[in-house]
Amino acid sequence: MAPQPTLLSMSGITKSFPGVRALDGVDLDVQAGEVHCLLGQNGAGKSTLIKVLAGAHQPDTGTIRWRGEAVTLRSPIAAMRLGIATIYQELDLVEHLSVAENVHLGHEPTTAGFVVRGKAARASTAALLRRLGHSEIDPARLVGELSAAQQQIVSMARALSHDVRLIVMDEPSAALDPDEVDNLFRIVGDLTADGVAVVYISHRLEEIRRIGDRVTVLKDGRAVAVGLPAKTTPTREVVALMTGRNVEYVFPERPSQAPGGAPVLEVQGLSRDGEFEPLDLSIRPGEIVGLAGLVGSGRSEILETIYGARKASAGHVSVGGRPLRPGSVRAAVRAGLGLAPEERKAQALLMLESVTRNVSVSSMSRFSRAGWIDRGAELGAARAATRELSLRPDNPNVPIRTLSGGNQQKAVLARWLLRGCRVLLLDEPTRGVDVGARAELYAVVRRLADEGLAVLLVSSEVPEVLGLADRVLVLREGRVVHAAPARDLDEHRVLDLVMEGSPAS
């Protein structure tokens, strides 16, 4: 791609918080019409940098130039007025408002100084949705009724409603299936063809290679590489820059022999009307079974039904030969089931509490005496559990919100380790987790299985399922269409199965 005019230049950006220097002299330049990828492990400074760019944080020192002129981004509104929009991973949409109301929130159409609602707002929203190739989305529909992919389109329409010239996308593909990712990339291509620049943040390096033009890598608050060519820089070099070491893309070695013994988890004829058809499944101690399928195939619903968070329409679940009471999380936990859910911040973690309380919360009866909690025993048990998983920092008193995504996930696993669970249900265990921490999590899960834990794994990333699981069940539209040892499958075969849905013979 021929060099384009520099749209944005950030030079020597620093930002400190109490006890933490989040940005230490970061440089970033973005050209008009390019996809500039921002990479780095959790805690590298990416979120702080894009919040500075969005006007949500003010830098301590440094210069920001927009189209060659020095600017001060005092607020998100100031950034938006210049033409800079940020679409965060956790979309900031108002679910009880319509699509049109969300798109124009804060800058409603006006005529003669009066706000125009209804027809005019819906008409302008429809035009923006057509530009994005999604005219099927009804501007009058409530945002809370839309899928994750459709909500992301609404966020893009809101950005375009401001005549935006640069869009920051933070992990935009995290909740999308392959077809939706393809559509996202088509939209990005259309935007850049119109001269709009995109700053793209993702942990999926294969996406960077596919969509990116240039790459800037952050590590420990510093830019260790600026403007590398995205398509020709070797993956090994990018990983080494992010982590400070070479990380091999290998999964822990599987045991040479299949696990023996009686199944610890047995699922017979389990179903939920409208979500998944009758399912039979058994897992032995030390075995990892993976569920592969597209978003909407019933993967997460199966895990939540086994766990008791959803009540089955038919069938039953047994742990150690004993049936569980349907629809009871308490019964599941008492029997030895533990769930690490897809949305760990919203569904698993107490974000305002310490690591200790997050680890101990499912085992509080161990530390309670006559209504009083033995804080010392609680702290000691949490410290032992987190050290076993090499959680960092090695201080269980710190707030859980200050940890990286990988270490937050380790805290969830430590909770069930402390509880002494026998079956671990993992839903998207590495979502939002950087490259180096992924390898650590894979090793932790494999070690726990080798120690006798039964694991049921769900992941949108087929290589992750194939690399970590011993056996794989392939799902499509709520039914199992194939089951095989992981070593007998490859990514292309699994994708063919989830798209075609041919019943297993």
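Which residue in S5 is the bridge partner of Ile64? Keep that in mind as you click around this predicted model.

**Stop 1: a four-stranded sheet.** Start by selecting S2, S1, S4 and S5, which sit in that order in an open sheet with antiparallel pairing. Now colour S2 (20-31) and S5 (69-71): these two are the edge strands, and each has a single partner strand, so one side of each has no neighbour in the sheet. Look along the sheet and you'll see that neighbouring strands are turned by 25 degrees against each other on average, direction ignored.

**Stop 2: S4 and S5.** Zoom in on S4 (residues 61-66), which is joined to S5 by three bridges, with the two strands running antiparallel. Pick Ile64 and hop across to S5, where Val71 is its bridge partner. There's your answer!

**Stop 3: the helix on top.** Select residues 46-53 to bring up helix H1, which lies across S1 (6-17), S2 and S4. H1 runs at about 120 degrees to S1.

**Stop 4: a six-stranded sheet.** Next, show S18, S21, S22, S15, S23 and S24, which form an open sheet in that order, this one with mixed pairing. The edges here are S18 (337-340) and S24 (479-485); each has a single partner strand, so one side of each is left without a neighbour in the sheet. From one strand to the next, the twist averages 15 degrees.

For a parallel pair, select S15 (residues 288-292) and S23 (residues 471-476), linked over four bridges. In one of them, Ala292 has Val474 of S23 as its partner.

**Stop 5: two more helices.** Add H14 (residues 405-419), which packs on the sheet and touches S18 and S21 (423-427). Finish with H15 (residues 435-450), which touches S15, S21 and S22 (454-458).

Technical notes: Residues are numbered from 1 along each chain as its sequence is written. This is a predicted model: local features need pLDDT of at least 70, side-chain atom pairs count only at pLDDT 80 or more; totals for chains, interfaces and linings use all residues. Side-chain values use heavy atoms; hydrogens and water are left out. Two strands pair if DSSP finds at least two bridges between them. Axes are lines fitted to C-alpha atoms, for helices over the stretch in contact, and angles run from 0 to 180 degrees between N-to-C directions. Contact means heavy atoms within 4.5 Å.
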